[in-house]
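Reader: I'd like to get to know this model before I plan my next week at the bench. Could you take me through it, one question at a time?

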Amino acid sequence: MVVKFFDLTEQTKQIYAEINTAINIVLTRGNFILGEEVQLFEQEFAAYCGVAEAVGVASGTDALQIALRGLGIGHGDEVITTAHTAVATVAAIVLVGARPTLIDIDPLRYTMDPEQIKAAITPATRAVIPVHLYGCPADLDPILSIAKRYGLWVVEDCAQAHGARYRGTPVGAWGTVSAFSFYPTKNLGAYGSAGAVLTNDPGLAERMRWLRSHGWQERYISQIKGMNSCLDELQAAILRVKLRHLEQWNAQRRNLAAVYKTGITNHEVVLPYEPDDVINAYHLFVIRHQQRNNLRGYLQSKGIGTLVHYPLPVHLQPAYYDLGYHHNSLPECEKAASEVLSLPLYPELTEEQVSRVIQAINIFNTDPD
Ligand SMILES: *Cc1c(COP(=O)(O)O)cnc(C)c1O
């Protein structure tokens, strides 16, 4: 039995009829950019997250850039985030002309360590970007209170946490603005590239709408310098169908995560920590092992696909050397990068497949005797 790390084909089969109908409506209508489907998806997704407004954009990376630019962040400004994340989080800060200040993670949760924020603040700091990594909400309460005390914006990176909740409230509803990605592999994924920014601030929502279309407040007249980053009608129609299934898919991810948690008994494996005041969206099921690469090779030899999120922290990637960080500047982040391993986890995975992964992990022994 082969267990793929990720496979969308079964899900697509299950919702094929609904998707087909939705796509046909768009084709018949003949409008492909910023039409009715986008408007409806924006309303439905904002309501799902409990936020007043959503603005559909072309990707999660653009969502972060538009959020930062909407807040007026650019040259000369600093934004605090973590290096244990998708490169997009840090890239977006650089792309708007600001400087990322990278702080270490809480090693249990893999998200921003709130204790480290204060020391990273300078007079140029404008915002903090907590990343709800792997589906687990960052510890928002202390992050929000420090941000409030120092007058910083909070921009949530929710790309891996659609539907996750912190103290009962969905992620995306806590910060000044939040950024989502609908990359195909995310918990809510399009069949192409897509993203959204959410906010309760109507002025900010309006600026972000201008920014996604060339800064037009009136067609063909740019009042500000904007981007071309629109959510398209086909992706919006697909996302509307998939949003109706998201709660059930996330519940299934949590069921399978619980099967992994009770099944894995290998004492060399560290299981994901789950704070009791969150509902984890389990975008990824990430374990730790001191001989991660050996375990990964072993699972591969048994036909089990795994990935590493992420093998090299952003501050140690060649493109970001110029930020001035070096080895050991973010020790928890660097240690995590060498030990984390993502196991297969998606709603259509069967319990038999999960059992197969568990059995393989439980007999993996680093001691040759
Ligand atoms: C996927 C992802 C992004 C970027 O989203 P794209 O749609 O791929 O541009 C940003 N942040 C995190 C944490 C992500 O996982």
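Author: Gladly, and one term first: a residue is near a molecule or strand if one of its heavy atoms lies within 4 Å of it. This is a predicted model, in which local features need pLDDT of at least 70, side-chain atom pairs count only at pLDDT 80 or more, and totals for chains, interfaces and linings use all residues. Residues are numbered from 1 along each chain as its sequence is written, while side-chain values use heavy atoms, leaving out hydrogens and water.

Reader: How many residues surround the ligand?

Author: Let's start with the closest of them, which are G60, T61, D157, S181 and K186. The full number of residues around the ligand is 14.

Reader: Which residue has a side-chain N or O atom 2.8 Å from a nitrogen atom of the ligand?

Author: This is a polar contact, a pair of N or O atoms within 3.5 Å (within protein, one must be able to donate a hydrogen and the other to accept it, and residues adjacent in sequence count only if both atoms are side-chain atoms). A polar backbone atom of G60 lies 2.8 Å from an oxygen atom of the ligand. The side chain of Q160 places an N or O atom 2.8 Å from a ligand oxygen atom. For the ligand nitrogen, the partner at 2.8 Å is D157.

Reader: How much of the ligand's area does the protein bury?

Author: Accessible areas come from the Shrake-Rupley method with a 1.4 Å probe, and for residues only the protein chains shown count as cover. On its own the ligand exposes 390 Å², and the share buried by the protein is 89%.

Reader: Where does helix 1 bend?

Author: Helices here are DSSP runs of H or I with at least four residues, and strands are runs of E with at least two, numbered from the N terminus. A bend is the angle between axes fitted to the seven residues ending at a residue and the seven starting there. Helix 1 covers residues 9-29, and its bend of about 65° is at I15.

Reader: Which helices do the buried residues of helix 1 pack against?

Author: Buried means under 20% relative accessible area, exposed over 50%, and partly exposed in between (1.4 Å probe, protein chains only). In helix 1 the buried residues are Q11, I15, I19, A22 and V26. An α-helix has 3.6 residues a turn, so residues three or four places apart point the same way. Counting contact as heavy atoms within 4.5 Å, these buried residues pack against helix 2 (36-49), helix 8 (233-243) and helix 9 (246-263).

Reader: Which helix gives the most residues to the largest nonpolar core?

Author: A nonpolar core is a set of buried Ala, Val, Leu, Ile, Met, Phe, Trp, Tyr and Cys residues joined through side-chain atoms within 4.5 Å. The largest has 46 residues, and Y260, I264, F285, I287, L299, L343 and I361 touch the most other members. Among the elements that supply at least two residues each are helix 9, strand 13 (285-288) and helix 12 (351-363). With five residues, the one giving the most is helix 12.

Reader: Is Y346 buried or exposed?

Author: Y346 lies in the loop between strand 14 and helix 12, and its contacts beyond four places in sequence are K4, F5, F6, D7, R253 and L256. Its side chain also reaches the backbone oxygen of K4 at 3.3 Å. Because its relative accessibility is 5%, Y346 counts as buried.

Reader: What is the relative accessibility of V128?

Author: V128 is found in strand 4 (residues 125-128). Beyond four places in sequence, it touches I80, M112, I117, I143, L152, W153, V154 and V155. V128 counts as buried because its relative accessibility is 1%.

Reader: Which residue follows H309 across a cis peptide bond?

Author: The bond has omega near 10°. The residue after H309 sits in the loop between helix 10 and helix 11, and it is Y310.

Reader: What is the phi of R167?

Author: R167 lies in the loop between strand 6 (165-166) and strand 7 (169-170). It is partly exposed, with a relative accessible area of 44%. R167 is not a glycine, yet its phi is positive, at about 45°.
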